[in-house]
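Here is a walk through one protein model, taken a step at a time. Keep the coordinates open while reading.

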Amino acid sequence: MKIFEQEQSSVAVAENTTPIGYVHSIETFGSVDGPGIRYVLFLQGCRMRCQFCHNPDTWNQGVGDELTADQVLADAERYKAFWGKQGGITTSGGEALLQIDFLIDLFKKAHAKGIKTCLDTCGQPFTRKQPWFGKFEELMRYTDVSLVDIKQINPREHKRLTGWSNENIFDMLSYMLENNKHVWIRHVLVPQRTDFDTELIQIGNYIKTIAPIVDKVEVLPYHTMGVSKYKELGIDYPLDGIEPPTQARVKNAEKLLHTTDYTNYKNYPNYPKA
Ligand code: SF4
């Protein structure tokens, strides 16, 4: 289904230089993807293959609804009254950074309108190679806060879980620390995959090393809501038979990640400086 049926024609006449976003779906009242109530844009495309992914329908790149930043903002602004001082726009996915040109255009224009921006990313596309790195630096100028997943701390285990190493993801967090770009850290807790005390203690220790930029730490319990999508897409479900973690294990993970130590998000709307 097209998201903005009546506006599709304007995409075709958009200038060549206008970046187009490939959009999977939109949530107009998101309350879990960043501060306050948010307009969440789920972008199409991801190169990771996390075993616990509940959105395999976002993996393909270059498909989905084609929208410009102006079109997205015109739609998003209809919900502005609900955002208060904390809310705004979040870009998620899929992996939003795969569409970095579109993100720059969107966040730059959002900031010009006084709209708060939040980037939800797994960090997989991050590189210090040009021209990508220059684009990332520009994007960070217009990003108020980022939500970054730490899926596994060990690069080899991370590769087993997601298909990719995590060294560049930690490099991205180093960049964010060096440049005072604030983040919420998230860890998806999956029994038999990411729920090991030794690993959780290591992640907790790592987070301490970047504490000045960490406003919140969240444990996201694995759930099985994506299973039917795998069936529809004809993909084998990698976590067949694995149940969500118990409440006791979630509490244990929160303790080992010291989630209660990271409370700066409560000081919003005094957002970190972008
Ligand atoms: S990074 Fe996100 S969208 Fe990509 S495979 Fe992992 S969970 Fe799915």
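The expected span of a helix is 1.5 Å times one less than its number of residues. Apply that to helix H3, in what is a predicted model. H3 has 13 residues, so the rule gives 18 Å, and its end C-alpha atoms are indeed 18 Å apart. The helix runs over residues 100-112. After H3 comes Gly114, with a positive phi near 80°.

Now look at which way H3 faces. Its buried residues are Phe102, Leu103, Ile104, Asp105, Leu106, Phe107 and Ala110. An α-helix has 3.6 residues a turn, so residues three or four places apart point the same way. The buried residues of H3 pack against three strands and two helices: E1 (21-30), E4 (88-92) and E5 (116-121), with H2 (69-76) and H4 (132-141).

Step back to the core. The largest nonpolar core holds 61 residues, and Val183, Ile185 and Leu257 have the most contacts inside it. H3 supplies the largest share of this core, six residues. In soluble globular proteins, nonpolar side chains tend to be buried together. Take Leu257 as a sample. Leaving aside neighbours within four places in sequence, Leu257 touches His187, Leu200, Ile203, Gly204, Ile207, Val217 and Val219.

Next, the ligand. Around the ligand sit Cys46, Met48, Arg49, Cys50, Cys53, Asn55, Thr58, Gly93, Gly94, Glu95 and Cys122. By class, this shell has five nonpolar, four polar and two charged residues.

One residue of that shell, Asn55, leads on to helix H8 (residues 227-233), where Tyr230 lies. Tyr230 and Asn55 are 175 residues apart in sequence, yet 8.8 Å apart in space, C-alpha to C-alpha. Is Tyr230 buried or exposed? Tyr230 has 18 other C-beta atoms within 10 Å, so it counts as partly exposed. Beyond four places in sequence, its contacts are Pro56, Ile235 and Tyr237.

Gln86 lies in the loop between H2 and E4. With 15 other C-beta atoms within 10 Å, Gln86 is therefore partly exposed. Gln86 and Pro131 are 45 residues apart in sequence and 32 Å apart in space, C-alpha to C-alpha.

Finally, consider confidence. The protein chain averages a pLDDT of 93, and 92% of the residues score at least 70. Over residues 6-14 the pLDDT is below 50, and this stretch makes six contacts in the model beyond near neighbours in sequence. Where pLDDT is low, the predicted coordinates should not be read in detail.

How values were computed: Residues numbered from 1 in each chain as written. Near = placed C-beta within 6 Å. Nonpolar A, V, L, I, M, F, W, Y, C, P; charged D, E, K, R; others polar. Core = buried A, V, L, I, M, F, W, Y, C linked by C-beta atoms within 7 Å. Buried ≥ 20, exposed ≤ 12 C-beta atoms within 10 Å, placed from the backbone. Helix = DSSP H or I, 4+ residues; strand = E, 2+ residues; numbered from the N terminus. Contact = placed C-beta atoms within 7 Å. pLDDT = per-residue confidence, 0-100.
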